[in-house]
Amino acid sequence: MATSRTGGEGSEGPKVLWNETQHKFETEDKKAYLEYVLRDGDKVMDILHTFVPSSKRGLGLASHLCVAAFNHAKSHSLSVIPSCSYVSDTFLPRNPSWNSLVYSEELKSSI
């Protein structure tokens with residue numbers, strides 16, 4: 001299982017683990033997670049769901065999970081389908097620099 005820390009300069013975010021076998025990115029305690037499936041011959045990461053328990057909401061965990069997933073996608077040359085409403089409606093509008101990884105039909109011919 002790969003690990004990464006997300007956060008701004010000078011601050012360490014929560015440790016996010018990549019659970020490859022379960023297709024998840026999750027916090028160390030496994031209570032907050034992002035689920036995905038790979039599509040198109042494992043070239044596209046479809047982010048299906050993010051979950052943060054109510055006791056941990058408001059801490060930015062969903063965003064940290066998304067950053068870990070998008071960093072993973074970028075480093076593995078994957079496109080991303082933001083099926084999860086948090087990713088499409090909240091994370092991407094707040095973090096437009098990740099839009100370059102979002103899957104589009106135009107990319108299909110090169111996949």
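In this predicted model, the protein chain contains 3 helices and 6 strands. Following the sequence from its start, these elements come in the order β-β-β-β-β-α-β-α-α. Among them are the strands β4 (33–39) and β5 (44–51), as well as the helix α1 (61–75) and the strand β6 (79–82).

A look at the chain as a whole adds to this picture. Of its 111 residues, 37% are buried. The protein chain exposes about 6400 Å², and carbon and sulfur atoms supply 47% of that area. Contacts tell how the sequence is brought together: among those with a separation of 6 or more, 41% involve residues 24 or more positions apart.

Two residues in loops deserve a closer look for their backbone angles. Most residues other than glycine have a negative phi. Asp40, which is not a glycine, has instead a positive phi of about 50°. Where does Asp40 sit? Asp40 belongs to the loop between β4 (33–39) and β5 (44–51). With a relative accessible area of 38%, Asp40 is partly exposed, because that value falls between the cut-offs of 20% for buried and 50% for exposed.

The second residue is Ser77, again not a glycine, with a positive phi near 55°. Ser77 is located in the loop that runs between α1 (61–75) and β6 (79–82). Is Ser77 buried or exposed? Ser77 counts as exposed, because its relative accessibility is 67% and the cut-off for exposed is over 50%.

How values were computed
Residues numbered from 1 in each chain as written. Predicted model: local features only at pLDDT ≥ 70, side-chain atom pairs only at ≥ 80, totals over all residues. Heavy atoms only, no water. Helix = DSSP H or I, 4+ residues; strand = E, 2+ residues; numbered from the N terminus. Buried < 20%, exposed > 50% of the residue type's maximum accessible area, 1.4 Å probe, protein only. Contact = heavy atoms within 4.5 Å. Areas by Shrake-Rupley, 256 points an atom, 1.4 Å probe, with all protein chains shown as cover.
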